[in-house]
Amino acid sequence: MTRVATPGDGVRVAFVGAGPGEADLITLRGAQRLQTADVVLFDSLADPALRQLAPNARWIDVGKRGFTGVAHAPRGGGRENTGQDTINALLVKHALSGAKVVRLKGGDPSVFGRLEEELEALAAAGIECEVVPGVTAALAAAAATQRPLTRRGAGRSIALTTAMTHAGELIAGRHADTESFYMAGKQLAALSRRLVASGWRPDTPALVVSRAGWSDQIASEHAVGTLGDATVLHSGRPTVVTVGVGARAVAAAHEHGDAARAAQAGATGTAAAAVSSEARSSVGTSTP
Ligand code: SAH
């Protein structure tokens with residue numbers, strides 16, 4: 001049996017999930033690790049306001065993505081992408097120098113965050129580290145649009161999926177009742193075709209949310225077969241696509257009342273159909 005260590009005093013590097021957007025979505029533990037950091041290696045997707053938590057630390061931008069709309073990582077803004085090997089080397093170098101290092105990652109470090117490579121690099125150098133979780137984009141999108149990812153009786157499983165292979169190929173299947181796709185924002189039409197080909201019905205609810213957790217977030221509602229319609233609206237922004245049961249709007253409160261009354265009158269089937277058709281048309285774009 002392998003025992004996984006809990007962090008002790010020897011911890012030199014903390015991987016911290018910054019959350020999906022604005023600074024107050026970080027965890028208290030993550031904020032505390034920033035406050036005691038000497039060096040912070042951060043990603044493009046983290047909120048620049050987090051710097052206020054560690055004003056005296058050395059902040060090093062190792063962002064690799066370059067989305068527009070992120071203040072310190074404009075598209076084509078002249079900063080070269082930092083290769084993974086360079087990030088690994090920087091982590092090891094600063095930790096060995098005796099500095100307390102925070103590796104700040106957008107969302108949650110364990111979700112599409114190249115955490116494996118960085119943990120391996122530190123382990124190879126004998127450096128102790130810890131991982132502080134964060135709110136991943138799919139959860140922020142669910143919260144922002146008030147669409148629970150699990151539904152009693154209908155949605156029992158969730159998959160977090162990237163549609164892109166590391167070779168840059170788009171693949172998609174059907175793995176859960178609710179499936180959230182990361183890194184597919186530039187290829188929504190292709191994603192739509194792949195999803196239909198792999199068994200999702202074209203009229204399955206699909207929700208597209210970009211910049212979830214930020215004040216300029218955009219959410220739009222589609223069906224799996226018409227996902228391509230969202231391309232222009234979300235262009236150039238980090239985007240998560242949720243399909244299946246968890247993409248469906250919940251019934252509005254007054255509709256619940258109507259449904260309950262109708263059920264009492266013995267007409268439940270008709271009321272339920274009205275709820276679902278109204279709920280489908282209720283969301284266009286939204287900001288918090
Ligand atoms: N570790 C991150 C994911 C990094 S991969 C997390 O847990 O959220 C980068 C992808 O995450 C983007 O291509 C996009 O699909 C998604 N993403 C990150 N931040 C997002 C946000 N605020 N809104 C919507 N999608 C986001």
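Colleague: Which loop holds Gly246?

Modeller: This is a predicted model. Gly246 sits in a loop, and helix H6 (253–264) is one of the two elements that bound that loop. The other is strand S10. The answer is the loop between S10 and H6.

Colleague: Is Gly246 buried or exposed?

Modeller: Burial takes 20 or more other C-beta atoms within 10 Å. Gly246 has 26 of them. Its contacts beyond four places in sequence include Ala142, Arg147, Ile158 and Thr178. Gly246 is therefore buried.

Colleague: What separates the C-alpha atoms of Gly246 and Pro205?

Modeller: Along the chain, Gly246 and Pro205 are 41 residues apart. In space, their C-alpha atoms are separated by 8.3 Å.

Colleague: Where is Val240, and how many C-beta neighbours does Val240 have inside 10 Å?

Modeller: Val240 lies in strand S10. Val240 counts as buried because its count of C-beta neighbours inside 10 Å is 27.

Colleague: Which residues does Val240 contact, leaving aside neighbours within four places in sequence?

Modeller: Met183 is 57 residues away along the chain, with 7.0 Å between the two C-alpha atoms. The contacts of Val240 include Ser180, Phe181 and Tyr182. The others are Ala137, Ala138, Ala141, Val209 and Ala212.

Colleague: Which elements each supply at least two residues of the shell around the ligand?

Modeller: The ligand is surrounded by 23 residues. The closest are Gly107, Thr136, Ala137, Ala212 and Pro238. The elements that each supply at least two shell residues are helix H4 (137–145), strand S8 (205–210) and strand S10 (239–244).

Colleague: How many residues of the shell around the ligand are charged?

Modeller: Twelve residues of the shell are nonpolar. Eight are polar. The charged residues number three.

Colleague: Where does the ligand lie with respect to domain 1 and domain 2?

Modeller: Domain 1 covers 13–135, and domain 2 covers 138–248. Both give residues to the shell, so the ligand lies between them.

Colleague: Arg114 and Arg211 both have a positive phi; which one is buried?

Modeller: Most residues other than glycine have a negative phi. Arg114 has a phi near 55 degrees, in the loop between S4 and H3. With 14 C-beta neighbours inside 10 Å, Arg114 is partly exposed. Arg211 has a phi of about 55 degrees in the loop between S8 and strand S9 (218–223), and with 26 C-beta neighbours inside 10 Å the buried one is Arg211.

Colleague: What span does helix H2 reach from its first C-alpha to its last?

Modeller: H2 runs over residues 84–96, which makes 13 residues. At 1.5 Å a residue, 18 Å is expected. The model is close to that, at 18 Å.

Colleague: Which elements do the buried residues of H2 pack against?

Modeller: The buried residues of H2 are Ile87, Leu91, Val92, His94 and Ala95. Residues three or four places apart in an α-helix point the same way, because a turn takes 3.6 residues. The packing partners are strand S1 (13–17), strand S2 (39–42), strand S4 (101–105) and helix H3 (115–124).

Colleague: Which residues does Ala95 contact, leaving aside neighbours within four places in sequence?

Modeller: Ala95 belongs to helix H2 and counts as buried because 23 C-beta neighbours lie inside 10 Å. Asp38 is 57 residues from Ala95 in sequence and 9.9 Å away, C-alpha to C-alpha. The contacts of Ala95 are Arg12, Val13, Val101, Leu122 and Ile127.

Colleague: Which residue just after H2 takes a positive phi?

Modeller: The phi in question is about 100 degrees. The residue is Gly98.

Colleague: What share of the chain's contacts with a separation of 6 or more joins residues 24 or more positions apart?

Modeller: The chain has seven helices and ten strands. Of its 288 residues, 40% count as buried. Residues 24 or more positions apart account for a share of 65%.

Colleague: Over which residues does pLDDT stay under 50?

Modeller: The mean pLDDT of the chain is 83, and 78% of the residues reach 70 or more. One stretch under 50 has 26 contacts beyond four places in sequence, and that stretch is residues 66–80. Another has 34 contacts beyond near neighbours in sequence, and that stretch is residues 262–288.

Technical notes:
Residues are numbered from 1 along each chain as its sequence is written. This is a predicted model: local features need pLDDT of at least 70, side-chain atom pairs count only at pLDDT 80 or more; totals for chains, interfaces and linings use all residues. Helices (H or I, at least four residues) and strands (E, at least two) are DSSP runs, numbered from the N terminus. The expected span of a helix is 1.5 Å times one less than its number of residues. A residue is buried if 20 or more other C-beta atoms lie within 10 Å of its own, exposed if 12 or fewer, and partly exposed in between; C-beta atoms are placed from the backbone. Two residues are in contact if their C-beta atoms, placed from the backbone, lie within 7 Å. A residue is near a molecule or strand if its C-beta atom, placed from the backbone, lies within 6 Å of it. Ala, Val, Leu, Ile, Met, Phe, Trp, Tyr, Cys and Pro count as nonpolar, Asp, Glu, Lys and Arg as charged, and the others, Gly among them, as polar. Domain bounds come from an automatic or database domain assignment. pLDDT is the predictor's confidence in each residue, from 0 to 100.
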